Amino acid sequence: MFEHGRALNEFLVNYLENLVRDLEEPDLDLPPFAGLNPPRWILGHLAVNNDYALRIFGGRFQCPKEWHRSYARGTTSSSPTVVDASKELLMERIRSGFAELRQRTEAADPDAMSRPHSIPFLEATPIKTVGQVVTHLLTTHPATHLGQLSAWRRATGRPSVSLGSEGT
C-alpha cells in the first residue's frame, strides 16, 4: 500500500544526508533571513514529526518531550525552549524514525488507513484519510522542509547538492 511512499522517503533521506553533510554545529543555528528557520529547528521538526507518524501505528515517541516543545508544529527557532540537540543526534533520530515508519507501513491495515483522520489543521485540505496522512508524513512534509534547507544553503552562500545517493 505504501511502496511508493517508502521509496520516495528513502530518496528524501538520502537527499537530506547530502544537504547537511558539510554543515558544522555552529551552522545549524544561522538564520539566513527573517522567517526562515535554521537547520537545527528543521531537523528537530522532522525528528518529532516521525514520532507522530509512528503513533499512528502504535509506536512510541523516540524523541524527548523537550524536543516536542521545541520543534513541534507551531514552534519556531525563536521559541524560548529550543533544545540544542547535536546534528548527529538529530540525524540519527530522523534516520531511525523514518526507518521504523517505513517498516511499519509494510504491515499497514488497509481498513485502518482508509478511515478519516482526526487532525484538525488538515481538515480543510485534500488529505482526508489516515493513509493519506501517513503518505504526507513520508513524502510531502519532509520534502517541504528539505526545500527550506536547500534555500538556507543558497542564502548562506553554500552550493547546491545532488538529490540522491547516486548523484542525481
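**Helix α1, salt bridges and the largest pocket**

I'll start with E92, which counts as partly exposed at 33% relative accessibility. The value falls in that class because buried means under 20% and exposed means over 50%. Keep in mind that this is a predicted model.

E92 forms a salt bridge with R93, and the closest N and O atoms of the pair are 3.3 Å apart. Elsewhere, E17, E88 and R95 are joined into one network by salt bridges that share partners. The count of salt bridges by this rule is 9.

Next, two pairs that start from the loop between α1 and α2. One is D22 with R153, where the closest N and O atoms lie 2.7 Å apart. This bridge links distant parts of the chain, since D22 sits in the loop between α1 and α2 and R153 sits in helix α7, 131 residues apart. How accessible are the partners, D22 and R153? D22 has a relative accessible area of 40% and is partly exposed, whereas R153 is buried at 2%.

The other pair is E25 with R40, a salt bridge at 3.3 Å from N to O. It also links distant parts of the chain: E25 is in the loop between α1 and α2, R40 is in helix α2, and 15 residues separate them. E25 is partly exposed at 35% relative accessibility, while R40 is buried at 3%. In general terms, side chains of opposite charge can pair when their charged atoms come close.

Now helix α1 itself, residues 3-20. Does its length agree or disagree with the expected span? At 1.5 Å a residue, its 18 residues should span 26 Å, and the end C-alpha atoms are 26 Å apart, so the two agree. The buried residues of α1 are G5, R6, N9, L12, V13, Y15, L16, E17, N18, L19 and V20. What do they pack against? The partners are α2 (39-56), α4 (87-105), α6 (130-138) and α7 (140-155).

Last, the largest pocket. It holds about 440 Å³ of space. Its lining consists of 20 residues, and those nearest the centre are N49, R73, F121, L137 and H141. Which elements give two or more residues to this lining? They are α2, α6 and α7, and α2 gives the most, with 6 residues. By class, the lining has 9 nonpolar, 9 polar and 2 charged residues.

That covers the salt bridges, the helix and the pocket.

Definitions and conventions:
Residues numbered from 1 in each chain as written. Predicted model: local features only at pLDDT ≥ 70, side-chain atom pairs only at ≥ 80, totals over all residues. Heavy atoms only, no water. Helix = DSSP H or I, 4+ residues; strand = E, 2+ residues; numbered from the N terminus. Expected span 1.5 Å × (residues − 1). Buried < 20%, exposed > 50% of the residue type's maximum accessible area, 1.4 Å probe, protein only. Contact = heavy atoms within 4.5 Å. Salt bridge = Lys/Arg side-chain N within 4 Å of Asp/Glu carboxyl O. 1 Å grid on protein atoms, 1.4 Å probe; cavity = no way out; pocket = protein on both sides within 12 Å on 5 of 7 lines; lining within 4 Å. Points joined across faces, edges and corners; volume = space filled by probe spheres on them. Nonpolar A, V, L, I, M, F, W, Y, C, P; charged D, E, K, R; others polar.
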